[in-house]
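Please open the structure in your viewer and keep the sequence beside it. The tour below goes from one selection to the next and says what is found at each stop.

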Amino acid sequence: MSNSTADTANGNDDKELKEGRPPLSPSRVLHLRQIPSDATEAEVISLGLPFGKVTNLLMLKGKSQAFLEMASEEAAANMVNFCTSVTPLLHSQPIYIQYSNYKELKTDNLPNQARAQAALQAANAAPDALAAGGGVIPGQGSVLRIIVENIFYPVTLEVLYQIFSRFGPVLKIITFTKNNQFQSLLQFADPTNAYYAKMAMDGQNIYNACCTLRIEFSKLTSLKVKYNNDKSRDFTRLDLPSGDGPPLMDSAIPVSFGSHGIVLPPYAGPAGFVPAVAFSHGAVPTSAAPVRITIPRVTGAPGNSVLLVSNLNPEAITPHGLFILFGVYGDVLRVKIMFKKKENALVQMADANQAQLAISNLNGQRLYGKVLHATFSKHRFVQLPREGQEDQGLTKDYSNSPLHRFKKRGSKNFQNIFPPSATLHLSNIPPSVSVDDLKNLFAGTGSTVKALKLFQKDCKMALIQLGSVEEAVHALIALHNHDLGDNHYLRVSFSKSTI
């Protein structure tokens, strides 16, 4: 990449951002704007590390910009998707991130790249050292100690889970108050996850100008949780009792603050967590608490419920497949795959909140070998083909489908909305269907079944862990509402639990 090419890339990406038009396709090169003048190369690289390996960096300090190259397109898509709802900060300054028009960075012949390359080597060596050392570096295990300073709004176990689960599977959380400070111990599945979480979140504010996170590694190697309630949670043990623990925060805090719409796996505690709408990528702002972690509003199209879904695999995608997948996050009314450009589709949701929820969870997800891109469409509704118009069955109306998950107000399904994961929750299993039957059913979709566990108290439900997130997405599309006999139709959804 020459100097002139770098300037050209900068100009093109500026134009994309100013005009509000997303790039035609995802790229593993990301364009970062409003970089503080005193930000270091290591700090810029740290923004990308939670999402995967960073392979190159080009700093344009005179323009307060940078280009960050990720190891894969999927990692870049995950970063862009996450940063649409959680604005990253450097030195308390918001950083804006979008795809670059360039597919790779070539910086070999550029001056002043020595520091960038040294920072890249240091950043990528840290997780390698973790792996080489059997997963543990002295003082850097999988348990973090988190102190929340300058608390103005309540911080709950659910809020912490929502923030830190973005860096990897969170196994256990314990919250407590010590020296008049709200503190927490949080255990990840892997020390690498803990390393990335500390690097990215230490010093960040949960809400605007308050609730500052101070993070360090705990000396503990594992946490022991006795109860699943609002003070402690073991996400690997759904069978634990709720106990009689006191509330997480002081009872004088107004109930209206709630947990800001963040939804986690339900527990058998005395207080059910039932928000009106679940947002997986951040908090829902309330009039009482304006928050920084928030789902962005629809720019230029308030109330729009139609999504433009692009970069689909035209050989594999169907209207029914999109209906089932997007139906995990809202009630899909209509689907239209473009007749002349079958890698693009329109998906009409029941309302704008459900549309945003689908974008937050599915944008950047791999589907049939390609990275799906979802954004709001300029169309306000999906039009059905006129009588006699050639369509090839590419437009479907699902307005009256019995498979809508959220048509009942206050449905428990609102409590169980999670991002795509390799673990699926199965329900409505008849007694006549065995564990082997279920394993063979999912293997028949081309999935690798790693584990399957029936719920002890309710054998109508189970968790199944497949070989990858993409396999789980394909299996959900193929098997949700599958006829298991005895008038039982399998219900499939994504799970946050692990087996």
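The stops below cover a sheet, its helices, two cores, two ring pairs and a few asparagines in a predicted model.

**Stop 1: a sheet**

Select strands E1 (residues 29-33), E2 (54-60), E3 (65-70) and E6 (96-99). Together they make an open sheet of 4 strands, paired antiparallel, in the order E2-E3-E1-E6. Which strands stand at the edges? They are E2 and E6; each has a single partner strand, so one side of each has no neighbour in the sheet. On average, neighbouring strands here are turned by 20 degrees against each other, with direction ignored.

Now keep E1 and E6 in view. These two run antiparallel and are joined by 4 bridges. Look for Leu32, whose bridge partner in E6 is Ile97.

**Stop 2: two helices on the sheet**

Add helix H2, residues 41-48, which lies across E1, E2 and E3. Its direction is at about 130 degrees to E2.

Next add helix H3, residues 73-83. H3 packs on the sheet and touches E1, E3 and E6, and its direction makes about 140 degrees with that of E6. How many of the residues of H3 are buried? The count is 8 of 11, and the helix is mostly covered. Select Ala75, Ala76, Ala77, Met79, Val80, Asn81, Phe82 and Cys83 to see these buried residues. They pack against E1, H2, E3 and E6, and also against helix H8 (352-362) and strand E17 (370-371).

**Stop 3: the cores**

Go back to Leu32 and show its surroundings. Leaving aside neighbours within four places in sequence, Leu32 is in contact with several residues, including Val44, Leu47, Ala66, Leu68, Ile95 and Ile97. Leu32 and Phe164 have the most contacts inside the largest nonpolar core, a set of 62 residues. H3 gives the most to this core, with 7 residues. Another core, of 51 residues, lies apart from it; Leu322, Ala355, Leu362 and Leu484 are among its members.

**Stop 4: two pairs of rings**

How many aromatic pairs does the structure hold? There are 2. For one of them, select Tyr161 and Phe235. Their ring centres are 4.3 Å apart and their planes stand at 45 degrees, so the pair is tilted. Tyr161 is in helix H5 (residues 157-164), and Phe235 is in the loop between strand E12 (232-234) and E13; the two are 74 residues apart. Both Tyr161 and Phe235 are buried.

Then select Phe323 and Tyr398. This pair is stacked, with 4.1 Å from centre to centre and 10 degrees between the planes. Phe323 belongs to helix H7 and Tyr398 to the loop between strand E19 (395-397) and E20, so the pair ties together parts 75 residues apart in sequence. Phe323 and Tyr398 are buried too.

**Stop 5: helix H10**

Select helix H10, residues 469-479. Its buried residues are Glu470, Ala472, Val473, Ala475, Leu476, Ile477 and Leu479. These pack against H7, strand E16 (366-367), E20, H9, strand E22 (462-466) and strand E25 (491-494). After H10 comes Asn481, which has a positive phi near 75 degrees.

**Stop 6: asparagines in loops**

Most residues other than glycine have a negative phi. Compare that with Asn428, where phi is positive, at about 65 degrees. Asn428 sits in the loop between strand E20 (423-427) and helix H9 (435-443). With a relative accessible area of 28%, Asn428 is partly exposed.

Move on to Asn487, in the loop between strand E23 (483-485) and strand E24 (488-489). Phi of Asn487 is also positive, near 60 degrees. Is Asn487 buried or exposed? Its relative accessibility is 65%, so Asn487 counts as exposed.

The last selection is Asn313, in the loop between strand E13 (306-310) and helix H7 (319-326). Asn313 has 19% relative accessibility, and buried means under 20%, so Asn313 counts as buried. The side chain of Asn313 reaches the backbone nitrogen of Glu315 at 2.9 Å. Leaving aside neighbours within four places in sequence, Asn313 is in contact with Tyr368 and Lys370.

Definitions and conventions: Residues numbered from 1 in each chain as written. Predicted model: local features only at pLDDT ≥ 70, side-chain atom pairs only at ≥ 80, totals over all residues. Heavy atoms only, no water. Pairing = 2+ DSSP bridges. Axes fitted to C-alpha atoms, helices over the stretch in contact; angles between N-to-C directions. Contact = heavy atoms within 4.5 Å. Core = buried A, V, L, I, M, F, W, Y, C linked by side-chain atoms within 4.5 Å. Buried < 20%, exposed > 50% of the residue type's maximum accessible area, 1.4 Å probe, protein only. Polar contact = N/O pair within 3.5 Å; in protein donor to acceptor, adjacent residues only side chain to side chain. Phe/Tyr/Trp six-rings, centres within 6.5 Å; stacked < 30°, edge-to-face > 60°.
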